[in-house]
Structure formats: C-alpha cells, structure tokens
Amino acid sequence: MIETEKKQEKVILVAAYTGDADEAVRSLDELKELVETAGAISVGILTQARESFHPGTYIGKGKIEELRQLIYETDADGIVCDDELSPAQIRNLREELDTKVMDRTLVILDIFAARASSAEGKVQVELAQQRYMLSHLAGFGTSLSRLGGGIGTRGPGEKKIEMDRRYIRDRISQLKKELADIARHREVTRMQRQSSNTRLAAIVGYTNAGKSTLLNTVTEAGVLEEDKLFATLDPTTRTLRLDSGQEILLTDTVGFIRKLPHHLIEAFKSTLEEAKYADYIIHVVDASNPQMEEHIRVVYETLGRLGAGGKKIITLFNKMDKVEGEGNFRDFTADINLYTAIKKGEGIEQLKAALEEILREDKILLEKVFSYNDAGKIQQIRKYGELLEEEYISDGIRIKAYVPQNIYGRL
C-alpha cells in the first residue's frame, strides 16, 4: 500500500497599514495563528506603511516586485492579506504575481466551515461564504472575468459570471429561509425560557480565552476544548445549579476576533444575538495574552454592534496562573471583576458566589406564614426562588425566601 502525505500549503502574510505599526504587527501575529488553524504554514511576511490602501493592488508597485521575489525564494503556494480585499484587488494581485491570493475573511470562513458541526452552524457558514463569493465573484479566476465592454463583446466569461451570480443569489435566498425557520425555533425556545423565570448568562470573549473550558468546568457540558482559534463554533447551553438551589442557564457563544468579517456577523446574527437576549454577560479574558486590552476593546465593540449593551457584566481574568507579576487587572465596564485559572479550577467558587449575588438582586425578600392549604405555593418558591428558611408551626409554614418579582404578587 502506498501512503501519500498531504502537502501543507505555504503562504506569505501581507499587510498594508495606515495607522500604528505595532498594531499591524499584532494583527499579523493573529493572522499567522488563523493560517495555521486553517492548516497552512506561514513562510514569510511583507508589510507596507501607506496613507491608504492601493485601490487596485492593496500594496504599492515596488512592494509587489518585492513580494514576487519572496514568493520565488520561499516557493510559497500563495499569499494571505490581512484585510478583506476587493474583487479588483484579488484579480490584479493574482495577475501580477501568478499565484493564489486570499484575504483574512476567506481564511476565517475556511476555519468556520471546518468547525461547523450543527445544522444551524453549517447553514450560517455557507450563507457567509455565498455572500462573500457574490461580492467577490469578479475577482476569482480568469474564466469568470469579463472579456470586454460594450456591444458584441459579451463572451462566455460574462455569461459564466451571470450564471454563477444567479445560482449564488438563489442559494442565498434558500439559506436565508432555512435560517429564518431556525431563528423562529430559537425565539420559541427563548420565550419558553422567559416564561419559566430561568435567567440566562451568555459567555462571551475573544477567541481562545477559555469560554468552552468554563462551560465544561461548571456544567460538564463536554464541549471541545483546544488551544486554537475558533476551536468551538456551535453555541451550547447548559443549566448550572448553584449551592442555594437557584438555577441559571449558561450559553457559550462564538469567539470574537478583530476585523470579524461583516458576512459572518450577518450570517451568525441569530447565534450571536444570544448575548443580546441574555440577562447577564460573563466576559472571559485571557489575562496572559499581551494583547489583552485590545481583545477587551474588540469584545465590547462587537457587543455594541449586536445591541447587547447595558447588561450586568462579570469579567473573568482567566489564565492567571500564566501571568507574571502582580496582575492587578481591572475591567471598568464590568460590574464584577474576578481572577481565575479555570483549567485548574481556581476562581470557580467565586464565580458561583457572584452569580448567586446577581440572581438575588432581581428577587424580592419574602417573609410569610402560609396556611397548610397553600403549601403548594412553597413549591413555586423552591422552583423559581431561593428558600432561606422553612419552619412548620401551628398556624402553617413560616418561610423566608427570595422570589422573582412576577411571582411575588401571586404569593
């Protein structure tokens, strides 16, 4: 039997930047991680400081010559640019360099396609891919490019583009209908949750901060954990029962990242909106990452775009066991700051205590004696509230409990 080894694609990372050089370097470091997560290897880097991106080729003419030489020296299979390219930029770079041209968005879409496992995740990823293809159709391949302009010059290339465009639009319509059905189901589930008085906390954070590890640690959810970007894609919701008997739902969300493609935000809106409709936010931060502050900024910026602001936030500065020095970090946007090493189980009890505290804030203290005929009402308190004291006396059952406001009136 002949064994064949799959060749690992070699790429050169390219970045034009108009602002801070250090920020560009950090973004390229992340692009390198993305490329490796997608299964390729970075063999070179080329950067250019510019006042604005070149409208036709992203980078300038001199840098294209430099890039051509770098491709030859490294025997690279293609290039990956650190920003989303226009169709013209993709086409022109491909013609100039005679090599495969990709951008950051295409790499992220590729990773998402590999990670999606649920029916909803697969539909969302395909919708994002089709939208990307529709907006970039003219940039892919000479067979799809226009032969010329004007009467008598519309050859088979133009016809092929129109056929592809029509097919993609039809597919997008079909996928949007499927997602609308899924969104309706999600809305029904959400309404059922709200009527049951069970609170929901969305776990958010920059990709690879430890969100899935947190969910697994406190609920034994069994979600995949890997030291990779976007290790998990499909959201998982589990119930956490606290020591007081109170219950709260925790849902893991898609990891955020800088320059998160617009196509993905649109396609994953119903999933990302779990944060919008959650009662609380648990923000997990990788405290050991040197770009921690930038990651925090990206998370809050993305939450703002989703309309998920104005909620009570618990920020967990995670991986504190890997932090050198004092590590007196603080998220001034959060209501509660905690310090954890989730994999080691450190800080978990403090998180549970904080959840007990914020759940109690939404409840009213009730002290009352129920007649034995009304004993059934105490079961509602056990189910939806927090029973602190229960004493059987001659007049009935004396209780002291925290109960939700909408149940308080009925009791």
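T57 is buried (under 20% relative accessible area with a 1.4 Å probe, protein chains only; exposed is over 50% and partly exposed lies in between), and its own relative accessible area is 9%. The model is predicted, so local features need pLDDT of at least 70 and side-chain atom pairs count only at pLDDT 80 or more, while totals for chains, interfaces and linings use all residues. Residues are numbered from 1 along each chain as its sequence is written, and side-chain values use heavy atoms, with hydrogens and water left out.

T57 sits in the loop between β2 (41–49) and α2 (61–74). Leaving aside residues up to four places away in sequence, T57 touches I64, Q89, N92 and L93; contact means heavy atoms within 4.5 Å.

**The protein as a whole**

There are 13 helices and 13 strands. These are DSSP runs numbered from the N terminus, helices being H or I of at least four residues and strands E of at least two. Of the 411 residues, 49% are buried. Among contacts with a separation of 6 or more, 67% join residues 24 or more positions apart. The exposed area is about 20,700 Å², with 47% supplied by carbon and sulfur atoms; the areas come from the Shrake-Rupley method with a 1.4 Å probe.

**The sheet containing β2**

Strand β2 belongs to an open sheet of 4 strands, ordered β2-β1-β3-β4 with parallel pairing. Two strands pair if DSSP finds at least two bridges between them. Because β2 and β4 stand at the edges with a single partner strand each, one side of each has no neighbour in the sheet. Neighbouring strands are turned by 25 degrees against each other on average, direction ignored. Strands β3 and β4 pair in the parallel sense over 4 bridges, and V80 stands opposite M102 in β4.

Helix α1 lies across β1, β2 and β3 and runs at about 155 degrees to β1. Axes are lines fitted to C-alpha atoms, for helices over the stretch in contact, and angles run from 0 to 180 degrees between N-to-C directions.

**Helix α7**

Helix α7 (residues 211–219) is largely enclosed by the rest of the structure, because 8 of its 9 residues are buried. Those residues are K211, S212, T213, L214, L215, N216, V218 and T219. They pack against the elements listed here.

| Element packed against α7 | Residues |
|---|---|
| β5 | residues 199–205 |
| β6 | residues 236–241 |
| β7 | residues 247–252 |
| β8 | residues 280–286 |
| β9 | residues 312–318 |
| α11 | residues 348–361 |

Just after α7, E220 takes a positive phi of about 55 degrees.
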